[in-house]
Amino acid sequence: MSKTKQLIIFLNYTSLGILLPVLNLILLKKGADLKTLPLLIAGYSAAVLCFELPSGICADLYGRKTVFLISGICQLLSVGLLFFSQNLVLLFCCLVLNGISRAFSSGSLDALIVDQALAKRGEECLPDVTSRLAIMEQTGLALGCILGGFLSCLGDSYNSNILLRIILTAVTMGLCIFGIKEEQIFGSGIQRPSLISHLKEGFVTVFSKRDFPFILAGMLFTGFFITPIETYWQPVYLKLSDSSQGTWMLGILSFVGFFLAAAGNSICRRLLLKYPGRQWRIYSISRILGGSALLILALFHSAWIFVILYGGIYLLLGTGSVAENTLINQYTPGALRASVLSVGSFLLQTGSMLGSVYSSLTVGRIDVTGLWLTSGGVLIGYTFLITLLLMAQKKKINLYDIESFENS
């Protein structure tokens, strides 16, 4: 993967991190209140879910670079509206455009980079490429969160955060336009397939291997697992820690989480290169350990234990995600890659929404401790069951196929 491509991915996620720590504060400053804020977030989530699958199909049929640039245009419109918004209608349009941008960006450029790497270096490069993509994403988010936290101190209007987001988005689009070349997908006698045939081929691809649906379904459970952590870790930590530390420590912990996720990406890359064909073992172990860490986090009430386990959870999530993405990319033909990646992102978002609904309905009865015990137990249970099922199959596989549990 060229340095230009890595820089584009890095800057794209850095710009996302610029607003991430203060977005809700900006919305409240621009006209939202505690009652309307959840409705704005729901509008964002609905836009992501509605456009996730269509955007992936468009990327496969009409070009990944084109779809990524559409995402950038929607993002510029969204952030521009955010800069000038002073009422709920404009804020809602801003969040919807942000959701559309998020849907069109997910998987589009990743699919192009993976396809070009496979064409140049072969299937053995998958662990290296998928891990580098994940590392660029997580380190970009980490740096963006730190910058966003410092910029928010320059004034209570947060205009510095918004302007830097606009600049970084524009720079990313410029680099994509002039720094990435994409060959025409269909042309020179190759006819573009119809939407129905494309969907049919994707369905056959996913269900042609017994374990592929389990990989994608695992993203649903991962989304359900992550949401209660991201929703409640801040108030729980502030309750456990010395109040004299102040809220500045939350920014440090956010950075630590993303940084350790990137470290997990790097660890998984080294493991996959050293032990090729062990994707499923790494995936299942990291997911089970991650769920176990959340169970311990829920039961032990200490600020230092919280910091260690919180970081450990993101380290394990980063480790498992590279193994997961490697499996998805190796099973997916190039012509379907963006569509299948969008299916995975759609399931992740669906799991997140289910986790939000479940948390909202039950937190008053079982408290955050009960939520974390439930989400950790669900992830452990699902991963353990599919691992047992795959062990029972004991089928022979190729080098970068699902790991043979019979011979390992």
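This report describes charged and aromatic side chains in a predicted model.

## Salt bridges centred on Asp128

The structure holds seven salt bridges, and two of them can be followed through a shared acidic residue, Asp128, which pairs with Arg132 and also with Arg269. In the pairing with Arg132, the nitrogen and oxygen of the two side chains are 3.1 Å apart, and both residues belong to helix α7, which spans residues 126-151. Their separation of four residues corresponds to about one turn of that helix.

The second pairing has a closest N to O distance of 2.5 Å between Arg269 and Asp128. Because Arg269 sits in helix α11 (residues 248-274) while Asp128 sits in helix α7, this salt bridge ties together parts of the chain that are 141 residues apart in sequence. As for exposure, Asp128 is buried, with a relative accessible area of 8%, and Arg269 is likewise buried, at 19%, a value that falls under the 20% limit used for that class. Arg132, by contrast, is partly exposed, with a relative accessible area of 31%.

## A buried pair and a network

Glu324 and Arg287 form a further salt bridge, in which the closest N and O atoms are 3.8 Å apart, a distance that lies within the 4 Å cut-off for such a pair. Glu324 is part of helix α13 (residues 303-331) and Arg287 is part of helix α12 (residues 279-299), so the contact ties together parts that are 37 residues apart in sequence. Both partners are buried, Glu324 with a relative accessible area of 5% and Arg287 with one of 2%.

Elsewhere, Asp60, Arg64, Asp115 and Arg337 are joined into one network by salt bridges that share partners.

## Glu52, a buried acid without a salt bridge

Which side chain of opposite charge is nearest to Glu52, a residue that is buried yet has no salt bridge? That side chain is Arg102, which is 4.4 Å away, whereas a salt bridge would require a nitrogen within 4 Å of a carboxyl oxygen. Glu52 is found in helix α3, covering residues 37-62.

Glu52 does have a polar partner, since a polar contact of 3.0 Å joins its side chain to that of Ser345. With residues up to four places away in sequence left out, Glu52 touches Arg102, Ala103 and Ser106, and also Ser342, Ser345, Phe346 and Gln349.

## Aromatic pairs

The count of aromatic pairs comes to 13. One of them joins Phe51 and Phe104, whose ring centres are 6.5 Å apart and whose planes meet at 40°, so the pair is described as tilted. This pair links distant parts of the chain, with Phe51 in helix α3 and Phe104 in helix α5 (residues 88-105), 53 residues apart. Phe51 is partly exposed, with a relative accessible area of 33%, whereas Phe104 is buried, with a relative accessible area of 12%.

The rings of Phe203 and Phe207 also have their planes at 40°, with centres 4.7 Å apart, so this pair too is tilted. Phe203 and Phe207 both lie in helix α9 (residues 195-207), where they are four residues apart, or about one turn of the helix, and both are exposed. Ring pairs also build a cluster, which is made up of Trp233, Tyr237, Phe306, Tyr310, Tyr314 and Trp372.

## A charge over a ring, and Phe258

A positive charge meets an aromatic face at Phe83, where Lys30 lies over the ring at 6.0 Å from its centre.

Is Phe258, a residue of helix α11, buried or exposed? With a relative accessibility of 17%, Phe258 counts as buried, because the limit for that class is under 20%. Beyond its neighbours within four places in sequence, Phe258 is in contact with Leu20, Gln138, Leu141, Ala142 and Cys145. Phe258 and Tyr314 are 56 residues apart in sequence, while the distance between their C-alpha atoms is 7.1 Å; Tyr314 is itself one of the residues in the cluster linked by ring pairs.

How values were computed
Residues are numbered from 1 along each chain as its sequence is written. This is a predicted model: local features need pLDDT of at least 70, side-chain atom pairs count only at pLDDT 80 or more; totals for chains, interfaces and linings use all residues. Side-chain values use heavy atoms; hydrogens and water are left out. Helices (H or I, at least four residues) and strands (E, at least two) are DSSP runs, numbered from the N terminus. Buried means under 20% relative accessible area, exposed over 50%, partly exposed in between (1.4 Å probe, protein chains only). Lys and Arg count as positive and Asp and Glu as negative; His and the chain ends are not counted. A polar contact is a pair of N or O atoms within 3.5 Å; within protein, one must be able to donate a hydrogen and the other to accept it, and residues adjacent in sequence count only if both atoms are side-chain atoms. Contact means heavy atoms within 4.5 Å. Rings of Phe, Tyr and Trp (its six-membered ring) pair if their centres lie within 6.5 Å; planes under 30 degrees apart count as stacked, over 60 as edge-to-face and the rest as tilted. A charge sits over a ring if NZ of Lys or CZ of Arg is within 6 Å of the ring centre and within 35 degrees of the ring normal.
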